[in-house]
2 protein chains.
Amino acid sequence: MPWQWLLLVNGYSMMARRSSEDKKERILDAATVEIARRGYHQTSVAVIARRAGVADGTIYLYFKNKEEILVSLFTRALGRFIAQGKDKLAGLPDAVAKLRAIVDLHLTLVGQDRDLAIITQVELRHSLHFLEELSRAQVGEYLGVIAGVVAEGAASGLFRRDLDPMLAAKAVFGVLDEMATDWVLSRRNTRLEAKAPEVAALVLGMVGANGPAA
Amino acid sequence: MPWQWLLLVNGYSMMARRSSEDKKERILDAATVEIARRGYHQTSVAVIARRAGVADGTIYLYFKNKEEILVSLFTRALGRFIAQGKDKLAGLPDAVAKLRAIVDLHLTLVGQDRDLAIITQVELRHSLHFLEELSRAQVGEYLGVIAGVVAEGAASGLFRRDLDPMLAAKAVFGVLDEMATDWVLSRRNTRLEAKAPEVAALVLGMVGANGPAA
DNA sequence: TGTATAAATGAATGACTATTCAGTATCCTA
DNA sequence: TAGGATACTGAATAGTCATTCATTTATACA
């Protein structure tokens, strides 16, 4: 059975690499793939374990329960997001450039990994409780960054002065999030970041910075 | 036990009214409340039945299975949405007024019933399969209406002429959807439609119609 | 009122699966 | 190499719950 062989070989080779601590990574990678394909509730812990090449019980050495896998998935992804984002935003001259960069970054990073995108755009939104957690802790920080850029732009006169920065930030996030979800749902394999210039034009229009489209 | 009494009394009085066909309505109403509070997967068919004042098995005389309850919930809500929307949009003079009306209507209708809003903004997005269904069939029509307004505005010179109507429509929807979700997640009991003028200003800016902010 | 049809009931069924834990393998140190 | 600590295993457990269907109850009509 070649298929199972591949899994085993893969499992062992990775184990050989750094047996102990990237086992957690392996579990998260396996969970990403399985949950993206079947959905969170239809994915049993057993199939995640099988794909990761570990026993069912091993999962519980690394995660308190099934839900914590989902949380960790998001935390890891957001960590990478922020890491890649920080420096790219730092050296930019003005709020217009920064907002453009945010659009580009958001679409590029979401567009990088479809399985992960399915999780962030669909599976992660499972329950009110869950969404609240994420929303408050993690996305809140991201919204804060956008709001900061909006405030900067308004102060410098590049954007409309009468903006509520937080409301505008939510609107910007809404646009980006919808683009991401739409891309996930459309099975065509376009590149998400290809839309960035046009989306940036829309978003800049929203805050009152009237540049030409792209 | 006064609480259970109330349920029974309520149940029977409604049964008396038009026993046969609003039983389906009763089940949907019960499902709305229970699913909004506990989430879809934590809500058993039994508790929906109990709140509706029917037996478990009765549910299956009206719905093929549990998932169909959720689908019907959405279909019913969207039906009302469209019904209320059609005439309000009809008599409006130009694309700016129409877009304003869409913003107002969307926020007003979502803001009308928090339980229903929890379902549309959170519980309905449970699985890729599910979202795809909804997205394609139902929301697609709504997006089409918005895109039509955008195209009209672009043609008449009120909006930017270089807009891709469908992309702009998705952006508009993204803004509205994010406002709705944000309202659902924030426990404060503000009125969602209070934000309509400010949101409309953002949305109009996005399509290049530069009016003053409300 | 009696009978046929339709509607409603709710206990029983059958599947599914998150989590545990007693036992096994592996690693490390002296 | 012993033997203690650590990591891993996977079969068994303990629930949960959607769905069915043999009965019962209501309705319509003669």
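Select DNA strand C together with the residues near it, where a residue is near a molecule or strand if one of its heavy atoms lies within 4 Å of it; there are 15 residues around the strand, and of these A:Val45, A:Tyr60, B:Lys23, B:Thr58 and B:Tyr62 come nearest. Of the atoms of DNA strand C that come within 4 Å of the protein, sugar and phosphate account for 69%. What you are viewing is a predicted model, in which local features need pLDDT of at least 70 and side-chain atom pairs count only at pLDDT 80 or more, while totals for chains, interfaces and linings use all residues. Residues are numbered from 1 along each chain as its sequence is written, chains are lettered from A and ligands numbered from 1 in the order in which they are written, and side-chain values use heavy atoms, with hydrogens and water left out.

Stay with DNA strand C and show the side chains that approach its phosphates. A polar side-chain atom of B:Thr58 lies 2.3 Å from a phosphate oxygen of the strand, the side chain of B:Lys23 places an N or O atom 2.7 Å from a phosphate oxygen, and for a polar side-chain atom of A:Tyr60 the distance to a phosphate oxygen is 2.8 Å. Next, colour α4 (56-62) of chain A and α4 (56-62) of chain B, the elements that give two or more residues to the surface near DNA strand C; helices (H or I, at least four residues) and strands (E, at least two) are DSSP runs, numbered from the N terminus. The largest share of this surface, five residues, comes from α4(B).

Now move to DNA strand D, which also has 15 residues around it, with A:Lys23, A:Thr58, A:Tyr62, B:Val45 and B:Tyr60 coming nearest. Here an N or O atom in the side chain of A:Lys23 is 2.6 Å from a phosphate oxygen, and a polar backbone atom of B:Val45 is 2.7 Å from a phosphate oxygen. Select A:Gly57 as well, where a backbone N or O atom lies 3.2 Å from a base nitrogen of DNA strand D. The element that gives the most to the surface near this strand is α4(A), with five residues.

Then hide the DNA and select the interface of the two protein chains, in which 41 residues of chain A and 41 residues of chain B take part, contact meaning heavy atoms within 4.5 Å. Chain B and chain A bury about 3,600 Å² between them, 62% of it on carbon and sulfur atoms; buried area is the accessible area (1.4 Å probe) that two parts lose on being put together, summed over both.

There are four salt bridges between the chains, a salt bridge being a side-chain nitrogen of Lys or Arg within 4 Å of a carboxyl oxygen of Asp or Glu. To see one of them, display A:Glu132 and B:Arg187, whose side chains meet at 3.1 Å, N to O. On the side of chain B that touches chain A, the elements giving two or more residues are α8 (128-155), α9 (165-185) and α10 (196-206) of chain B, and α9(B) gives the most, with 13 residues.

Finally, superpose chain B on chain A, using least squares on the C-alpha atoms of residues with pLDDT of at least 70 in both. The fit has an RMSD of 0.1 Å, by a turn of 180° and a shift of 0.0 Å along the axis, and the two copies are thus related as by a two-fold rotation axis. Of the interface residues of chain B, 100% are also interface residues in chain A, so the copies meet through the same surface.

Key:
A polar contact is a pair of N or O atoms within 3.5 Å; within protein, one must be able to donate a hydrogen and the other to accept it, and residues adjacent in sequence count only if both atoms are side-chain atoms.
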